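Reader: I am new to this structure and would like to understand the words used for it. Could we go through them slowly, setting each term against its definition?

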Amino acid sequence: LDDGTIIYSKDVVGEQIKGNKIGIMQDCSDCRSCYDIAQDCDLLIHECTYGEEHGHLAVDRGHSTAKMAAAAAVKCQAKMLMLTHFSSRFVEESGTIAVNMKDNSDSNTNSNTNSNNNDNGDVEI
């Protein structure tokens, strides 16, 4: 300070707290190079451009399917997976997506009819 007083961080900084780790994998069909850095992340945000029926398009165009994203989450041991993709090709389908979400609104939010956890904690799709 101007008067010569020295302030040390140990005198003004609180206890360390563990933060959250977020991994983001976008526009990729092969994310293996990211597994180490995303290991044990609290949230993995992963693009999911295509369903399995169009998996060949995903790889050809450098994108992922939901199953590929889930496999990456398992490999990284992510605590939570968020699938995302922004595309103008879904605009006309938005009403259908909203209806599907509404139809499932009464079901348990922790269940997924397309995946199951096995005894090892792995996700089977």
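Reader: What makes Cys-76 count as buried or exposed?

Author: The model is a predicted one, and what follows is computed from it. Cys-76 has a relative accessibility of 0%, and buried means under 20%, so Cys-76 counts as buried.

Reader: How do you know which cysteines form a disulfide?

Author: The rule asks for a pair of cysteine sulfur atoms within 2.5 Å. The sulfur atoms of Cys-28 and Cys-31 are 2.4 Å apart, and therefore this pair meets the cut-off and is called a disulfide. By this rule the count comes to 1 disulfide.

Reader: Why is the disulfide of Cys-28 and Cys-31 called right-handed?

Author: The name follows from the torsion about the S-S bond of Cys-28 and Cys-31, which is about 75°, so the disulfide is right-handed. Both partners are also buried by the cut-off of under 20%, because Cys-28 has a relative accessible area of 14% and Cys-31 has one of 5%.

Reader: Why is Cys-34 in no disulfide?

Author: The nearest cysteine sulfur to that of Cys-34 belongs to Cys-31 and is 5.6 Å away, whereas a disulfide needs the two sulfur atoms within 2.5 Å, and therefore Cys-34 is left without a disulfide. Cys-34 is called partly exposed because its relative accessible area is 28%, which lies between the limits of 20% and 50%.

Reader: What keeps Cys-76 from being counted in a disulfide?

Author: The reasoning is again one of distance. For Cys-76 the nearest cysteine sulfur is that of Cys-41, at 5.7 Å, and the cut-off is 2.5 Å, so Cys-76 is in no disulfide.

Reader: What makes the approach of His-63 to Asp-27 and Thr-49 a polar contact in each case?

Author: A polar contact calls for a suitable pair of N or O atoms within 3.5 Å. The side chain of His-63 comes to 3.2 Å from the side chain of Asp-27, and likewise to 3.2 Å from the side chain of Thr-49, so both pairs satisfy the distance limit. His-63 is found in the loop between α3 and α4 (66-76), and His-63 counts as buried because its relative accessibility is 15%, with buried meaning under 20%.

Reader: How do you know whether Thr-49 is buried or exposed, and which other side chain does Thr-49 meet in a polar contact?

Author: Thr-49, in the loop between β2 (43-47) and α3 (55-60), has a relative accessible area of 5%; since buried means under 20%, Thr-49 is therefore buried. Its side chain also makes a polar contact with the side chain of Glu-47, at 2.5 Å.

Reader: Why is Asp-36 called exposed?

Author: Asp-36 has a relative accessible area of 69%, and exposed means over 50%, so Asp-36 is exposed. Asp-36 belongs to helix α2, and its C-alpha atom is separated by 9.2 Å from that of Lys-75, although the two residues are 39 residues apart along the chain.

Reader: Which residues make up the largest nonpolar core?

Author: The largest nonpolar core has 11 residues, among them Met-25, Tyr-35, Leu-44 and Cys-76. Two or more of its residues come from each of α2 (35-38) and α4, and α4 gives the largest share, 3 residues.

Note on methods:
Residues are numbered from 1 along each chain as its sequence is written. This is a predicted model: local features need pLDDT of at least 70, side-chain atom pairs count only at pLDDT 80 or more; totals for chains, interfaces and linings use all residues. Side-chain values use heavy atoms; hydrogens and water are left out. Helices (H or I, at least four residues) and strands (E, at least two) are DSSP runs, numbered from the N terminus. Buried means under 20% relative accessible area, exposed over 50%, partly exposed in between (1.4 Å probe, protein chains only). A polar contact is a pair of N or O atoms within 3.5 Å; within protein, one must be able to donate a hydrogen and the other to accept it, and residues adjacent in sequence count only if both atoms are side-chain atoms. A nonpolar core is a set of buried Ala, Val, Leu, Ile, Met, Phe, Trp, Tyr and Cys residues joined through side-chain atoms within 4.5 Å.
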